[in-house]
Amino acid sequence: MSNIQQNTACSGENSAGQLEVAIIGAGFAGMYMLYCMRKLGLSARIYEAGSGVGGTWYWNRYPGARCDVESIQYSYQFSEELQQEWEWTEKYSPQPDILRYANHVADRFDLRRDIQCNTRVMSAVFNEDSHRWDIQTETGDRISAAFCVMATGCLSSSNTPAFKGIRDYKGNIYHTGKWPHDEVSFNDMTVGVIGTGSSAIQAIPVFASQADHLFVFQRTPNYTVPAHNAALDPEYVRDIKSDYAGLRARAKTKPSGYDLPIPPLSAVETSPEDRFQTFESKWQNGGVGFMAAFNDLLVDAAANETAAEFVRKKIRETVDDPKIAKLLSPDNVIGCKRLCVDTNYWETFNLPNVTLVDVSRTPIEKISQNGLCTNGQEYPLDAIVFATGFDAMTGALLNIDIRGRGGQTLQTKWEGGPKTYLGLAMADFPNLFTITGPGSPSVLTNMLPSIEQHVEWITDCISHMHANGLECIEANREAENEWVEHVNQVADLSLRSTCSSWYIGANIEGKARVFMPYIGGFPKYVEKCNNVVANDYEGFILN
Ligand code: N01
């Protein structure tokens with residue numbers, strides 16, 4: 001690991017004015033974008049709402065938070081030196097390690113002098129006279145930029161359901177996606193957690209180890225597989241580092257952008273005994289690779305049910321009380337909502353200080369002064385944790401007042417669901433790019449390679465424009481419509497589009513129900529992006 005002194009703050013001083021590229025967000029996407037713009041010799045600056053870099057890993061610092069994609073792969077590949085010098089110590093790194101890595105990158109590449117923290121962007125308006133973006137921040141900066149790059153993240157706008165009485169509650173309320181920087185201790189407290197998604201499933205075993213009593217308010221049970229996290233074997237790391245490029249190249253041939261072998265085997269065509277052995281070996285290996293046991297788990301309902309029933313059996317075997325086991329057992333498609341990865345989640349419900357409260361039929365009525373009310377009963381609580389997820393993919397963008405040609409707002413354009421060309425750009429919003437926007441593979445892939453692919457595409461595009469004296473690039477409406485239609489069509493081929501998940505916006509009241517990420521897989525998507533360039537930026541208008 002480098003001994004460069006880590007500076008967790010940003011050092012970019014407040015400065016308003018003219019920029020070539022304004023970048024919104026200092027997560028992994030924003031930082032790499034800044035790095036690439038500097039390489040092109042362009043003036044670029046990041047505006048970041050938080051007080052430090054790291055994006056998701058800056059905000060989601062709840063106990064138990066870790067990445068469930070192997071860190072060896074959930075990392076940048078643009079710098080061989082960085083790959084070689086950084087030492088991941090665990091298979092699935094905890095949040096503090098990933099945040100340390102983000103800070104290391106900021107220092108290693110001297111990014112901080114162009115990162116302005118504590119600066120929330122409120123609006124970005126395309127000025128049709130100057131052909132530039134006029135950007136305003138909450139702190140009063142006014143910036144004019146030729147290009148505006150939204151690196152705002154897919155899961156960064158937290159969702160707090162508007163329960164009655166929240167304001168009257170006397171205890172502390174936390175959201176996993178906006179966890180305080182100071183240490184939170186639940187020792188000797190009675191704590192309630194709302195939600196049983198990935199965040200809750202990681203946090204619940206930790207809360208249970210601290211709290212006097214933990215109440216888990218569950219609306220829908222979720223499938224989870226064990227992480228079997230472990231320290232990384234230095235010999236394995238040496239092997240990877242001796243051919244990191246090989247690993248990265250293999251990963252890019254996989255739909256998930258993650259090097260995970262997918263056997264050419266169908267679950268329904270495999271004998272029950274062999275099928276069980278395959279699931280068991282994937283289970284013992286741990287992690288999201290469980291869904292790669294067979295090639296038909298996400299396209300064939302009968303195949304999917306074999307995996308679902310395998311997990312339900314594990315729940316019955318692990319949880320002592322059959323009634324609790326039943327309540328914890330999902331009955332829908334496994335992998336439809338994002339599969340969770342845990343450490344001792346089911347086991348936690350055998351502890352005497354943990355109570356599962358089913359709110360599926362009797363929703364949470366209100367938050368009272370002293371706790372939470374459901375089914376006519378008040379649960380007195382010293383603290384409540386909302387593990388209630390995010391307004392995914394579109395929330396962070398729609399929180400900014402973005403206006404394109406003719407003053408058209410993004411809110412209006414996306415009324416019926418997000419519309420983009422390749423998840424990268426939009427008709428009527430010239431010179432505005434979204435990194436891992438809706439309509440790109442993003443959340444269905446390993447985010448880091450997807451981010452790098454987008455940043456490099458945008459960088460090549462801006463470089464092309466400069467080389468050819470071009471001022472504006474904008475998706476053409478027909479190409480955008482065709483892409484949106486294609487994104488919907490491929491979504492329909494997968495079981496993933498069949499349930500009420502955040503992928504289709506179902507977790508947010510009033511949000512249009514559209515399957516937002518592109519499910520066609522990383523290689524197909526990259527091929528499409530490359531073909532667009534090879535065909536002279538097909539589907540874009542340049543002038
Ligand atoms: O959020 P979620 P999350 N009353 O939306 C419940 C990524 N991630 O933060 O299912 C009662 O999955 C809701 O219930 P239901 C990952 O991509 C990655 O956990 O809507 N309950 C659900 O149980 C993940 O998918 C890692 O019925 C209410 C929960 O809140 C994504 O982030 C770690 C409710 C929300 O679950 C989001 O995960 C963590 C209400 N009114 C997260 N409203 C990695 O390791 C909502 N709920 C990489």
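Here are some numbered notes on this predicted model, moving from its sheets and helices to the ligand and two buried side chains.

1. Let me start with the open sheet. Five strands make it up, in the order β7-β16-β8-β9-β12, and the pairing is parallel. At the edges sit β7 (172–175) and β12 (354–358), each of which pairs on one side only. From one strand to the next, the twist averages 20 degrees.

2. Within that sheet, have a look at β8 and β9. Strand β8 covers residues 190–194 and strand β9 covers residues 213–218; five bridges join them in the parallel sense. One residue pair to click on is valine 193, whose bridge partner in β9 is valine 216.

3. A helix goes with these strands. Helix α5 (residues 198–210) lies across β8, β9, β12 and β16 (383–386). Relative to β9, α5 runs at about 160 degrees.

4. Now for the ligand. Which residues are closest to the ligand? Among the 23 residues that surround the ligand, the closest are Arg66, Thr196, Ser199, Thr220 and Lys337. For threonine 196, a polar backbone atom is 2.9 Å from an oxygen atom of the ligand. Arginine 219 uses its side chain: an N or O atom there is 2.9 Å from a ligand oxygen. Alanine 387 offers a polar backbone atom, at 3.3 Å from an oxygen atom of the ligand.

5. Strand β1 (residues 17–24) is worth tracing too, with two partners to follow. With strand β6 (residues 142–150), β1 pairs in the parallel sense over seven bridges, and leucine 19 stands opposite alanine 145 in β6. With strand β2 (residues 44–47), β1 also pairs in the parallel sense, over four bridges; here isoleucine 23 stands opposite isoleucine 46 in β2.

6. Helix α1 (residues 28–39) allows a simple check on its length. At 1.5 Å a residue, its 12 residues should span 16 Å, and the end C-alpha atoms are 17 Å apart, which agrees. Is α1 largely enclosed or exposed? Of its 12 residues, 10 are buried, so α1 is largely enclosed by the rest of the structure. The buried residues include Phe28, Met31, Tyr32, Leu34, Tyr35 and Cys36. After α1 comes glycine 41, with a positive phi near 80 degrees.

7. Glutamate 474 deserves a closer look. This residue is found in strand β19 (residues 473–475). With a relative accessible area of 10%, glutamate 474 falls under the 20% limit and therefore counts as buried. What does its side chain meet? A polar atom of that side chain lies 2.8 Å from the backbone nitrogen of aspartate 428. Beyond residues up to four places away in sequence, glutamate 474 touches several others, including Arg405, Met426, Phe429, Pro430 and Phe540.

8. Last comes methionine 516, in the loop between α15 (477–492) and α16 (522–534). Is methionine 516 buried or exposed? Methionine 516 is buried, with a relative accessible area of 3%. Leaving aside neighbours within four places in sequence, its contacts include Met393, Pro418, Pro438, Val487, Trp502 and Tyr503. The C-alpha atoms of methionine 516 and leucine 422 are separated by 11 Å, although the two residues are 94 residues apart along the chain.

Definitions and conventions: Residues are numbered from 1 along each chain as its sequence is written. This is a predicted model: local features need pLDDT of at least 70, side-chain atom pairs count only at pLDDT 80 or more; totals for chains, interfaces and linings use all residues. Side-chain values use heavy atoms; hydrogens and water are left out. Two strands pair if DSSP finds at least two bridges between them. Helices (H or I, at least four residues) and strands (E, at least two) are DSSP runs, numbered from the N terminus. Axes are lines fitted to C-alpha atoms, for helices over the stretch in contact, and angles run from 0 to 180 degrees between N-to-C directions. Contact means heavy atoms within 4.5 Å. The expected span of a helix is 1.5 Å times one less than its number of residues. Buried means under 20% relative accessible area, exposed over 50%, partly exposed in between (1.4 Å probe, protein chains only). A residue is near a molecule or strand if one of its heavy atoms lies within 4 Å of it. A polar contact is a pair of N or O atoms within 3.5 Å; within protein, one must be able to donate a hydrogen and the other to accept it, and residues adjacent in sequence count only if both atoms are side-chain atoms.
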